[in-house]
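Colleague: Before I take this model to the bench, could we go through the labels on it? I would like to hear the reasoning behind each one.

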Amino acid sequence: MKRRHIVIAAASLPLATPLALAHHGWSSFDQDRPIYLEGTVASARWQNPHVELLVDIPSGLKVPADLAKRTLPAQSAPVDGPALLARTTVPRRIDRQWELELAPLTRMEAWKVAEIKPGTTVSAVGFTFKEEKGEAVMRVEYLFVDGKVYGLRSSPA
């Protein structure tokens, strides 16, 4: 019986490997260089381990002049959001579609973020991979949608 379990486990390993490689830890992201993205949601996956948005980015993207002055949720104070917003830049790479990794569903629900649908305009401040290498993926720190801001690495109090 034990041998059968080992054979089944070994046979299923190649199937699990792509899933494990598809998800990356937060340490892969360059937390010293916050970036700004804004665009239209092309698709949304409202699921765990975190919500994901695929966003179409327009050409000529610029950091909004008022970004550093935006009011942030009090719960995110330990992140030093004002300093983060003040040093935010646009990505150097010119990808027209980015994947935005948001928070887990439980945190999205705690923040009372309504499910974001394709066609919605969103903007975000967060981090991408070091030296902007790899896929066009952002780990979102602050999400701006429908006139609201959410500090996704903190929980609402």
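Modeller: Let us begin with a word we will need often: buried means under 20% relative accessible area, exposed means over 50%, and partly exposed is in between. By that rule, both glutamate 132 and arginine 33 are buried. Please keep in mind that this is a predicted model.

Colleague: What makes glutamate 132 and arginine 33 a salt bridge?

Modeller: The rule asks for a side-chain nitrogen of Lys or Arg within 4 Å of a carboxyl oxygen of Asp or Glu. For glutamate 132 and arginine 33 the N to O distance is 2.5 Å, so the pair meets the cut-off. The two also link distant parts of the chain: glutamate 132 sits in the loop between β4 and β5, arginine 33 in the loop between α1 and β1, and they are 99 residues apart.

Colleague: How many salt bridges does the rule give?

Modeller: The count is 8. One of them joins glutamate 52 to arginine 45, with the closest N and O atoms 3.0 Å apart. Another joins arginine 70 to aspartate 66, at 3.3 Å. Through shared partners, Arg45, Glu52 and Glu99 become one network.

Colleague: Why is glutamate 52 called buried and arginine 45 partly exposed?

Modeller: Glutamate 52 has a relative accessible area of 11%, and buried means under 20%, so that label follows. Arginine 45 is at 39%, which falls between the 20% and 50% limits, so it is partly exposed. The other bridge can be read the same way: arginine 70 is partly exposed at 24%, and aspartate 66 is partly exposed at 41%.

Colleague: Why is the pair of phenylalanine 29 and phenylalanine 129 called stacked?

Modeller: Two numbers decide it. The ring centres are 4.8 Å apart and the planes differ by 20°. Centres within 6.5 Å make a pair, and planes under 30 degrees apart count as stacked, so both conditions hold. Phenylalanine 29 lies in the loop between α1 (2-22) and β1 (35-45), while phenylalanine 129 lies in the loop between β4 (121-127) and β5 (137-145), so the pair ties together parts that are 100 residues apart in sequence. Both phenylalanines are buried.

Colleague: And what makes tryptophan 111 and tyrosine 150 edge-to-face?

Modeller: Here the centres are 6.2 Å apart and the angle between the planes is 80°. The distance is within 6.5 Å and the angle is over 60 degrees, so the rule gives a pair of the edge-to-face kind. Tryptophan 111 is in the loop between α3 (105-110) and β4, and tyrosine 150 is in strand β6 (residues 148-151), so this pair ties together parts that are 39 residues apart in sequence. Tryptophan 111 counts as buried at 11% relative accessibility, and tyrosine 150 is buried at 6%.

Colleague: How do you know that arginine 70 lies over the face of phenylalanine 144?

Modeller: Its distance from the ring centre is 4.8 Å, and the limit for CZ of Arg is 6 Å, together with an angle limit of 35 degrees from the ring normal. Arginine 93 likewise lies over the face of tryptophan 98, at 5.6 Å from the ring centre.

Colleague: Why is strand β3 described as largely enclosed by the rest of the structure?

Modeller: Because 4 of the 5 residues of β3 (residues 97-101) are buried. On pairing, strand β2 (residues 52-56) runs antiparallel to β3 and is joined to it by 5 bridges, with leucine 54 opposite glutamate 99. β3 also pairs with β5 in the parallel sense over 3 bridges, and there glutamate 101 has arginine 139 as its bridge partner.

Colleague: Why do glutamate 131 and aspartate 146 count as exposed?

Modeller: Glutamate 131 has 56% relative accessibility and aspartate 146 has 67%; exposed means over 50%, so both qualify. Each has a positive phi although it is not a glycine, about 60° for glutamate 131 and about 50° for aspartate 146.

Colleague: Where does pLDDT stay under 50?

Modeller: Over residues 4-23, for which the model has 2 contacts beyond four places in sequence. The protein's mean pLDDT is 85, and 82% of its residues reach 70 or more.

Technical notes:
Residues numbered from 1 in each chain as written. Heavy atoms only, no water. Phe/Tyr/Trp six-rings, centres within 6.5 Å; stacked < 30°, edge-to-face > 60°. Buried < 20%, exposed > 50% of the residue type's maximum accessible area, 1.4 Å probe, protein only. Pairing = 2+ DSSP bridges. pLDDT = per-residue confidence, 0-100. Contact = heavy atoms within 4.5 Å.
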